[in-house]
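Colleague: Can you walk me through the contacts in this one? Short answers are fine.

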Amino acid sequence: MTEGSVWRLYNGIDPPAAGGFKYTCQSGRETETGPGPGAVTAAKPAPIRKGGWKMIKRVAICGVAQTRYESNKWHQRMQGMALEVVEAIREQTGVTYSEDGGINTVVTCSDDVFDARTISDNAMTDVVGAHYRCEEKVAMDGINAIAYALAIVLSGHDDLVLIVGHCKESQSESRNTCTNLAFDPFYCRPLGLDYLSAAALQARAYMERSGVTDRQLAEVVSHARRNAARNPLANARQPLTAEEVMKSPMLCDPIRALHAYPVSDGAIAVLVAAEERCKEFTDRPVWITGFANCMDSYFLGDRDLAGDFSLRRAAEKAYGMAGVTGAGVFDLVEIDAQYAHQAPMWAEVLGLCPENGGGAWVDSGGLDAANVNPSGGTLAGNPQMLSGLSRAAEAAVQLRGEAGGRQVKGAKRALAHGTCGPAGQHQAVLILES
Amino acid sequence: MAEFFGATVEDVFKTQDARFRAEDAKGVDAVVAYDITGEGGGRWRVTVRDSRAVTEKVTGSDFGAFTTKITTDAETFIGVTVGKIDGTAAFTSGRVKIEGDMKIVALLPRLFTKYSPPSRGVSARDIIATFPERFRPEAAKGLDAAIGYNLAGEGGGQWTAVVKDGRLEMREGLAENLTVNQTVGARDYVDLMLGKLDPMVAIGAGRLRITGDMEVAKVLPKLFRKYEPKEVERGPELIVLKKTISVGMRFSTGPVMGRFLEGLKGRKIFANVCPSCGRRQLPPREVCAVCRCRAGEFVEVGPEGVLVNVEICYYASPDPLTGETRETPYGTSNILLDGCRGTETFWHYIKREDLFDVKRGSRVRPVWAESRTGSVHDIKYFEMVR
Amino acid sequence: MKKPKKNRNVGIIGVGQTIYSSHREDVNQAEMVHEAVALALKDAGLTRDDIDCVVHGNMELFEMVHQPDIWHTIATGAYGKSAFRLTTGGTTGTTVVCAADNLVASGLYDIVVAIGFEKLQEGHTTGGITNMADPLWGRHLQTGALTDATAQAMIREFGEERALRAAMRMRVQMDKHACLNPNSHRSFGLDYSQIDDLMKNSPRLVGELRLIHMCSQSDGACAVIFAGEEKAKKLSDKPVWVRDHITVHREETFTMYSLDPADRDPSSHRIAAQRLFERNGITNPVEYFDVFEMYDPSAWWGLDWLRDFMLLDGDEHLKMVENDEILIGGKMVMNPSGGVVAANPIGATAIVRVAEAALQVRGDAGRHQAPGGVRHALASGFGGTYWTVLVMLEKDLDWQEVSADG
Amino acid sequence: MDATGGKRGEQQTADEEHACCKVVEGKLALPYQYFAGRVGSRFIISLRDGKRILGVRCDACGRVFVPPRQTCERCFSDLSEKWVELSDTGEIVNFTVVRYEDRHLPRKPPFVLALIRLRGADTPMAHIVEGVAPENVRIGMNVRAVFADKTTNCILDIDHFEPV
């Protein structure tokens, strides 16, 4: 194992062999062995990997549209939100629904419980234009819908995919009551566990391990609000000082009310196309060069909540696919931190700062230095199901140079991260390049 | 009293009140009449009211007023009660008949905990019931026979096993042209099957009589796998958690549905019109799905129209917006309102009293609710224009 | 519609199914799913280590578990693996198949497990389906998937006697198949001699849709393992190739009937079949396919849709049923498994169609195997407001020539 | 839980553009029955009738799990007959104080949700801790299971844990 690695020997799991883990490309040929799970740290950047898995063809994001995110879009039903972004994509890219060369495949992203609707995508068929077309719903964070669209194009099944995600957290009496239903009915659900309390347990585990302080977490929120103020689409744009955050009441110790992302509503559309089609829709394609996702254990007690298991595996594989090292090569990084502690914690795993160095990294301006979440991030208000997809959308907007007041100058390569499940059980890493 | 699956109908009803779950009976007000026919049957009335249950045996022929009446034979009743007979299949095949309010039937499993028969030895009937699962088609090749089982006494009965083309069919009663007939007391039959009684002894003592084609009788033991009594008649307890999950929701209308619902308040039905193909949508949706464009213009249609189809629903199911079970039968229809064409229909209820009079093509008009709030209930239902 | 060339071939190398039953009190959801995954791994001769990615799907509100793949990770094998969740209602089972095919064909993953499950005993199926309708309108009016609109339309078209009889005959034919399938939830042992009785006496659900016509509410899970061509050939001696698949949705409404039968909306089933067969150079599907596993939620739908899927006209589909051409041993065997009327664990139902079709192609279907060597099979999924997915399976990798000029 | 910005309804004042828009109260409400399965039933019955907490051991990786499960998710080995009895005492390895109010919660806030590693188990189990003020809960604190008087046929047959 690489020095400084944090592979936790939790519950007796053996760390992977010193040579790292392997994955194979489609020809059955093994790629060059990765540097191992401990390697992706800024303290000791892993070597740039060459000869990684090559995609058969280049696939790009050709258009991005987002609604403004709000705490209560009471005046719109879900179809209205989705229609808004579909129309924006059509206008932006000129894409049509012609049977020959138009959109034939739509990948939606939503959830039956949040929508209180069996087959939530049934409500979307009309507005996403899927009448007598293909529509498939990714029922998890929408960043995975981009990966699925990538697979559709790479497979040769279609060369153009429209992704439309929506979520209206304000519809239910409480999003926590919805996420409580993700837990099994006998052991966890009766205790009232939900994604908030799961994140709180994770926050404490991370604070215990890394020594991150309440002030540093407050600074993460304050930073998110500073950036969000430059993002006209963000929900929570009001600036907050660290002191104000620290004064906000405890919600679920050690998570304070202002450490949690606000209840949010919104929709996103993304157009993905094979290279040969891109020029029809944009002169600024954003190439998808790496993706991976990974699932961790379900029971919170089975997991190292502050550990790196699934995110490290996802990052390793995505970095390898894109042929990049640790996070130093990214011009900006959109981290799906739904709670303040997740920004430094996952920054450590992605290699933006050393193991247990998240707090110091925040103090030393690491968030700005690495251009983390110029959009304000999920903490500024993106709903479940879209928290990762909005990271990807924001990263793409940056690489297209269309980010306005929040634009990172000359951004050429970005990382977008998305997570779903309690306390980041499922992790996804997407790498985009202009 | 005849016993089926180790239980009697009497015993089921005797324990009924003790199995009542008051916590799930809030607001339930029902009288369920049970007409259990055939041997071992009888008539009972179960009243659930004010979170209490009272079970009475009905002696006369009149049940009095009831909400729901369940008619079935004793064997089916007990089989379904103890879980040996699939209730849906029994209803599907017509062995269980239900009159009156169906939703109470759906509620019963929640109102009473499951009945367990007194644990006791296995009955001849139980063993006969295992024939299909123990049948060995490979041993029955070329055999064409009707085998009678005449098992007298408690837990017994008469059955015929018809074996043909490698298949087994069990019939109640003794067939006329039996290939082989076996007459034995039900208790002795059980003992024979459990290996407690030697068949030769039983034949010698005249307690078992076998008549008919003795060549076929010889192959009988090979036709079925050995009967193996389950050590514990009931398996280990399996935990179930019952709960109506209810999450409060605030459904936005948005401007399009909002406009439509607002119209209903004023007794007006608005469709929106596709600017491209001109089709009218009811209720209005944001876009015309066919032309993929916003449908912005609203036109008033109806309120009268013609039924395109009539669907009469007999199956009681819960309304997911309230968790309450719906009353049956009810009827819905797609109505072609005046001003609409083709498939541009409007979905609503048909007046209960008109259900069996209306048909495709019938002319109907809406009956508006007194107080209208902008919802589907602003129209009570459509009634026939007579 | 043009379709680009598939990046690489994908083979089905393992199939696992639980039994289908009205009650599985002995297992929780995750444990039931595990049974299917373990059987599929065993069938393929693989271990969990061989899997790259797990695709999971069902319909959440049937059991009211939000994103159940999260909990089911304890039993699906997804731990430490790539994982996706895709759902499209009743078509979910075929959607996870399409997803697995796309994911493997893309080259992103070599071996993918697709899982569909449902434990309908744990919820209220009809209530759950009703919940698909718009909360402000249709939800007050809909009764699950129960409708006799198809029955009414067929009665108008073919006359009451013939339509009722054909639908019931198909129901009996499906039951005859179900009696041969050990996994069936419902196998009544029905006989043609019972048709008259059932037509009159089976309890009505909605109009002429009677209890006997309608599918069961089942518990069950099904897992299918997909591999890229190279690995599929290495790991399996009879991989079943996924030739193509198509998904066709319809708008968010059930208002598709009018007073004039000619006004009826185009069927999404027919559109899907036309597009799929055209791009694969298939002109006579009844001749081409040896087996068709159709998602037939009721005998009425099964009968009506046979015409659309097989691109038939007039009463050709009725004749196929009346002449027993869809029976095992017939010209084009429909649902040798017994179909959906015999077992319907909804989130699994459509993947079961693919799994059963694959077993037929492999020749491993046991007592319900269609005779004569099955080379071409079709499987369908149904969901939403008349949504269709079709999946084409092949025994041999010899179709490229057929579509090369297409 | 609206402390983080979900101020609902405040915009629902007359707004020209949204004149026809309104919000309709409803529910997502359906009946469910969940089965614990053989493994889960044995665990719950043991809590309920025997006041004993059982775990399962995976022979392949040697870990003892609670709550029990039929399969080891990593080794894919069958654990359904690999029961081990665990102590009813253990150590708090992590905790949070739930201070928000939602209908799905089993207690009025504030209450403590903790991960407790029982003696004999490798994986900590989530449960409620009572009998100590939230501000006095510490990681490393020893706690003991207090069994419920009335069964609910789920993990709440342990009513809560309290400091030893």
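**Chain C and its neighbours**

Modeller: Chain C and chain B bury about 4,200 Å² between them, with carbon and sulfur atoms giving 65% of that area. Keep in mind that this is a predicted model.

Colleague: How many residues are in contact there, on chain C and on chain B?

Modeller: 48 residues of chain C are in contact with 53 residues of chain B.

Colleague: And how many salt bridges across that interface?

Modeller: Two between chain C and chain B, by the rule used. One pairs C:Glu251 with B:Arg279, where the closest N and O atoms are 2.6 Å apart. On the chain C side, α5 (125-130), α6 (149-158) and β5 (204-206) each supply at least two of the residues that touch chain B. By type, that side of chain C has 17 nonpolar, 18 polar and 13 charged residues.

Colleague: Polar contacts between chain C and chain B, how many pairs?

Modeller: The rule finds 15 residue pairs, both residues at pLDDT 80 or more.

Colleague: Switching to chain A. What area is buried between chain C and chain A?

Modeller: About 5,900 Å², and carbon and sulfur atoms give 55% of it. C:His66, C:Ile70 and C:Leu108 supply 12% of what chain C buries against chain A, more than any other three residues. The contact involves 69 residues from chain C and 75 from chain A.

Colleague: How many salt bridges does the count give for chain C and chain A?

Modeller: Four. Among them is C:Asp134 with A:Arg117, the closest N and O atoms being 3.9 Å apart. There are also 34 residue pairs in polar contact across the interface of chain C and chain A, both at pLDDT 80 or more. Several elements of chain C each supply at least two residues to the side that touches chain A, including α3 (69-76), α4 (92-105) and β8 (240-248). The residues of that side divide into 27 nonpolar, 21 polar and 21 charged.

Colleague: In which sense do strand β3 of chain A and β3(C) pair?

Modeller: Antiparallel, over two bridges; the chain A strand covers residues 134-138. A:Val138 stands opposite C:Leu86 in β3(C).

Colleague: Different topic: C:Leu312. Buried or exposed?

Modeller: C:Leu312 has a relative accessible area of 8%, so C:Leu312 counts as buried, the cut-off being under 20%. C:Leu312 lies in the loop between α12 (299-309) and α13 (316-322) of chain C.

Colleague: What does C:Leu312 touch?

Modeller: Leaving out residues up to four places away in sequence, C:Leu312 touches C:Arg270, C:Val286, C:Leu306, C:Arg307, C:His317 and C:Met320.

Colleague: How far apart are C:Leu312 and C:Val286?

Modeller: 26 residues in sequence and 8.8 Å in space, C-alpha to C-alpha.

How values were computed:
Residues are numbered from 1 along each chain as its sequence is written. Chains are lettered from A and ligands numbered from 1 in the order in which they are written. This is a predicted model: local features need pLDDT of at least 70, side-chain atom pairs count only at pLDDT 80 or more; totals for chains, interfaces and linings use all residues. Side-chain values use heavy atoms; hydrogens and water are left out. Contact means heavy atoms within 4.5 Å. Buried area is the accessible area (1.4 Å probe) that two parts lose on being put together, summed over both. A salt bridge is a side-chain nitrogen of Lys or Arg within 4 Å of a carboxyl oxygen of Asp or Glu. A polar contact is a pair of N or O atoms within 3.5 Å; within protein, one must be able to donate a hydrogen and the other to accept it, and residues adjacent in sequence count only if both atoms are side-chain atoms. Helices (H or I, at least four residues) and strands (E, at least two) are DSSP runs, numbered from the N terminus. Ala, Val, Leu, Ile, Met, Phe, Trp, Tyr, Cys and Pro count as nonpolar, Asp, Glu, Lys and Arg as charged, and the others, Gly among them, as polar. Buried means under 20% relative accessible area, exposed over 50%, partly exposed in between (1.4 Å probe, protein chains only). Two strands pair if DSSP finds at least two bridges between them.
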